[in-house]
Amino acid sequence: MTTPVRRTDRAQVSLETETAVRSWLDYESMLLDDMRRLHEWHDLVAQDVVYQVPVLVPREFTSNLPDYPDGSYHMYDNWFTLKMRIDRLDGEHAWAEDPPSRLRRVVTGIVVTPGADETHVNVRSAFHLHRERLRFTPELWAGERHDVLRREGDDFRLAQRTVYLNHAVLPGAVLSFLF
Amino acid sequence: MTLTSSDRVQAVLAAAASGAAHGTFPVEAFADDSVYQAELDRVFAKSWLFVAHESEIAEPGDYVLRHLGEDEVIVTRDEDGRIHVLYNACRHRGAPVCRGAKGNSSHFRCPYHGWTYRNDGTWASAPRKTLVYKNLDTANWGLLAAPHVAVKWGLVFASPDPAAPSFDDYLGDMAWYLEAVFGLDSRGMIVMGEPERALLEANWKTGAENYCGDALHVAHTHKSLEDLGMSQQLLREQEMYSMFSPGKGHATFAWNLERSGLPIEAPWGYPKQVWDLFDQGELTADQQRFNAERMPLAGLVFPNFGFFRGFSFDPVSQRVMVHTQLRLYQPRGATKTEVLSWLVFHVAEPEEYRTKSYQDGLFVLNAPGILEQDDFTLWNAPSRVGRSRFARDHEMGLNYQAGLPGMSRGGPIEDHPGPGESYDSAFTEGNIRAFQRHWIDQMNAGNVGSADPGRPGEDR
């Protein structure tokens with residue numbers, strides 16, 4: 001994972017920025033929870049977005065090897081592949097989401113720190129995501145997101161998202177939604 | 001009358017045996033707990049099971065945690081480079097001696113009382129052993145181990161059965177087909193990234209039969225490929241498949257891409273400059289011809305190890321990227337399966353191509369893949385239906401009749417260079433029927449000598 005965040009990093013971001021980020025994340029969560037509004041979510045994604053879900057390998061406490069080793073992913077997506085995933089749902093043959101999953105995520109533990117330059121902020125958040133699907137056992141997914149948001153006018157665009165799941169074994173084998 | 005668990009197993013096996021003649025298979029076999037317990041004893045404890053790819057444990061001391069049946073094992077490479085499959089339970093009180101899922105260690109020390117084992121499984125020491133264990137027969141207190149381990153084409157298999165046939169005997173004619181795929185280049189293959197593990201609500205056999213040769217599902221389950229412009233003619237492509245049933249429960253099938261309309265430069269869709277790097281050094285002329293003309297797509301080594309040599313097609317760049325998936329349907333209960341997925345590549349492929357193909361492969365494969373998420377959604381059906389009142393009352397059998405004599409268009413391939421039975425289109429479920437026949441044989445063989453069918457556990 002990336003460098004640990006310190007309290008001093010957090011103090012460098014204005015309250016206005018932090019409030020705007022929190023509000024953006026709340027709105028984004030609402031769209032992501034609604035499988036029929038994912039096109040609106042995709043409008044919030046930067047064209048050069050990198051969306052990744054790395055694989056967790058549980059190691060011994062003192063191991064010097066990473067829990068999320070480089071080059072191991074469940075998902076390795078870009079703007080175009082995200083769009084294809086979302087477009088696919090409109091085609092009447094995306095059986096994984098028909099009927100659509102009922103998703104409800106709680107995003108909290110939001111930590112906003114300065115980004116690489118003035119137009120970017122780094123945002124970490126923790127989530128619990130509950131999912132109901134007809135004829136399937138409900139699933140509870142949990143993890144941490146490391147995002148980079150880019151200022152664009154008075155709004156943000158998602159420039160990067162890395163999703164560190166808590167799961168070495170995914171709680172369901174159908175990952176047809178987005179974190 | 002209450003049926004004992006052993007009676008239930010016998011009833012399901014009888015229904016399977018009588019159904020085999022006319023292409024049905026009892027849906028309860030995908031859901032019944034006693035059938036599942038019998039499978040652990042009679043199928044998984046008696047088979048050669050895939051545990052790892054050799055490249056995951058490339059260096060001395062490397063290990064990964066895996067399973068044989070439901071039992072957790074450590075797959076290690078010892079200091080001399082030999083591979084061992086060790087039961088992850090201390091011989092003293094049974095605590096796990098290996099805790100991380102992957103790493104490198106010369107020894108495994110139990111956290112409870114400190115018994116320590118070398119990475120070849122032998123007993124090494126215990127705290128204050130000269131005071132506590134003056135006469136311990138250490139040769140008898142090493143970790144329990146799978147008695148047989150075999151490595152072929154980089155694939156590591158182990159059998160828990162002391163009386164298992166050799167791995168070559170176990171594979172039989174399937175070896176010819178596996179070699180055609182995994183022996184394409186003599187420098188071998190490597191795993192990219194770490195395997196994905198995901199919990200599937202389905203019986204393991206549903207995944208297994210799909211990889212045996214369910215070529216008919218593609219046009220409907222994966223019709224969203226047409227919606228996305230990644231394919232235009234899934235139904236018409238069914239004539240491009242060919243099915244092979246080499247016996248012993250194994251199966252494989254192929255798909256000739258040349259007539260797919262995709263921009264194909266070489267077999268499987270490899271770019272010509274990548275294809276030309278494969279030396280095919282250990283393949284016979286017949287295997288080379290088979291690869292070029294048929295293009296093996298997927299297959300299953302009985303009972304639960306699959307492979308899939310697929311590709312992703314980018315409709316914008318018109319680029320075809322070939323990837324090889326290894327798949328394990330790890331049993332977790334009658335209606336639960338842990339799905340393990342690896343992507344492997346030939347060492348000879350340029351690293352840039354491998355990396356890009358791995359990333360592109362993740363768009364179509366595994367839990368988030370747009371192909372497999374639809375498969376995994378449909379596969380809970382047999383295990384769900386198999387528990388139903390309707391299934392019991394109607395002795396519901398699922399239909400596997402495609403390809404039975406007189407049923408479907410097609411037949412054996414006349415000039416097929418390989419061993420076993422063949423079929424010249426997708427219009428057959430013969431590979432799955434062969435898998436089921438072998439499953440029935442294994443389940444019945446495991447029941448031989450059962451003096452009292454009412455006492456489960458004594459029927460091995």
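This is a guided tour of a predicted model, given as a series of selections to make in the viewer.

**Stop 1: the two chains together**

Show chain A and chain B in separate colours, and look at where they touch. Chain B puts 35 residues into this contact and chain A puts in 36. On the side of chain B, the elements that each supply two or more residues are strand S6 (102-104), strand S12 (189-200), helix H8 (224-227), strand S18 (337-346), helix H11 (351-364) and helix H12 (372-378). Select S12(B) before the others: with eight residues, S12(B) gives the most to this side. Colour the chain B side by residue class, and 14 nonpolar, ten polar and eleven charged residues appear.

**Stop 2: the domains of chain B**

Hide chain A. Select residues 49-154 of chain B for domain 1, then residues 172-445 of chain B for domain 2. The C-alpha centres of these two domains of chain B are 33 Å apart. Where the domains meet, domain 1 of chain B provides nine residues and domain 2 of chain B provides 15 residues. The domain 1 side of that contact in chain B consists of two nonpolar, five polar and two charged residues.

**Stop 3: H1 and H2 of chain B**

The next three stops look at pairs of helices. Such a pair is described by the angle between the two axes and the distance between them.

Select residues 5-20 of chain B, which form helix H1, and residues 33-42 of chain B, which form helix H2. Their axes are 8 Å apart, and the packing angle is about 85°. H1(B) and H2(B) are therefore roughly perpendicular to each other. To see the contact, show Ser5(B), Arg8(B), Val9(B) and Val12(B) on H1(B), and Ser34(B), Val35(B) and Ala38(B) on H2(B). By class, this contact of H1(B) with H2(B) comprises four nonpolar, two polar and one charged residues.

**Stop 4: H1 and H15 of chain B**

Keep H1(B) on screen and add helix H15 of chain B, residues 430-445. The axes of H1(B) and H15(B) are 10 Å apart, with an angle of about 140°. This angle makes H1(B) oblique to H15(B). The crossing of H1(B) and H15(B) is left-handed. From H1(B), the contact uses Leu13(B), Ala16(B), Ala17(B) and Ala20(B). From H15(B), the residues to show are Arg433(B), Gln436(B), Arg437(B), Ile440(B), Met443(B) and Asn444(B). Sorted by class, the contact of H1(B) with H15(B) has six nonpolar, two polar and two charged residues.

**Stop 5: H6 and H15 of chain B**

Leave H15(B) in view and select helix H6 of chain B, residues 204-213. The axes of H6(B) and H15(B) come within 8 Å and cross at roughly 135°. At that angle, H6(B) is oblique to H15(B). Their crossing is right-handed. Which residues of H6(B) meet H15(B)? They are Ala208(B), Glu209(B), Cys212(B) and Gly213(B), and their partners in H15(B) are Asn431(B), Ile432(B) and Phe435(B). The contact of H6(B) with H15(B) has four nonpolar, two polar and one charged residues.

**Stop 6: backbone details in chain B**

Zoom in on the loop between strand S15 (296-301) and strand S16 (305-314) of chain B, where Pro303(B) lies. The peptide bond from Phe302(B) to Pro303(B) is cis, with omega about 5°.

Then go to Glu395(B), in the loop between helix H14 (389-393) and strand S19 (397-399) of chain B. Glu395(B) is not a glycine, yet its phi is positive, near 45°. Glu395(B) is partly exposed, with 14 other C-beta atoms within 10 Å.

**Stop 7: backbone details in chain A**

Bring chain A back and find Pro99(A), in the loop between helix H4 (79-89) and strand S3 (102-114) of chain A. Asp98(A) and Pro99(A) are joined by a cis peptide bond, with omega about 0°.

Move on to Arg135(A), in the loop between strand S4 (120-132) and strand S5 (139-152) of chain A. Arg135(A) has a positive phi of about 75° although it is not a glycine. Is Arg135(A) buried or exposed? Arg135(A) counts as exposed, with 10 C-beta neighbours inside 10 Å.

**Stop 8: His120 of chain A**

Finish at His120(A), in strand S4 of chain A. His120(A) has 16 other C-beta atoms within 10 Å and is partly exposed. Leaving aside residues up to four places away in sequence, His120(A) touches Gly115(A), Val148(A), Leu149(A), Arg150(A) and Ala159(A). Val148(A) is 28 residues from His120(A) in sequence, and their C-alpha atoms are 6.6 Å apart.

Key. Residues are numbered from 1 along each chain as its sequence is written. Chains are lettered from A and ligands numbered from 1 in the order in which they are written. This is a predicted model: local features need pLDDT of at least 70, side-chain atom pairs count only at pLDDT 80 or more; totals for chains, interfaces and linings use all residues. Domain bounds come from an automatic or database domain assignment. Two residues are in contact if their C-beta atoms, placed from the backbone, lie within 7 Å. Ala, Val, Leu, Ile, Met, Phe, Trp, Tyr, Cys and Pro count as nonpolar, Asp, Glu, Lys and Arg as charged, and the others, Gly among them, as polar. Axes are lines fitted to C-alpha atoms, for helices over the stretch in contact, and angles run from 0 to 180 degrees between N-to-C directions. Helices (H or I, at least four residues) and strands (E, at least two) are DSSP runs, numbered from the N terminus. Angles under 35 degrees count as roughly parallel, over 145 as roughly antiparallel, 65 to 115 as roughly perpendicular and the rest as oblique. A crossing is left-handed if the near helix is turned anticlockwise from the far one by less than a right angle, and right-handed if clockwise. A residue is buried if 20 or more other C-beta atoms lie within 10 Å of its own, exposed if 12 or fewer, and partly exposed in between; C-beta atoms are placed from the backbone.
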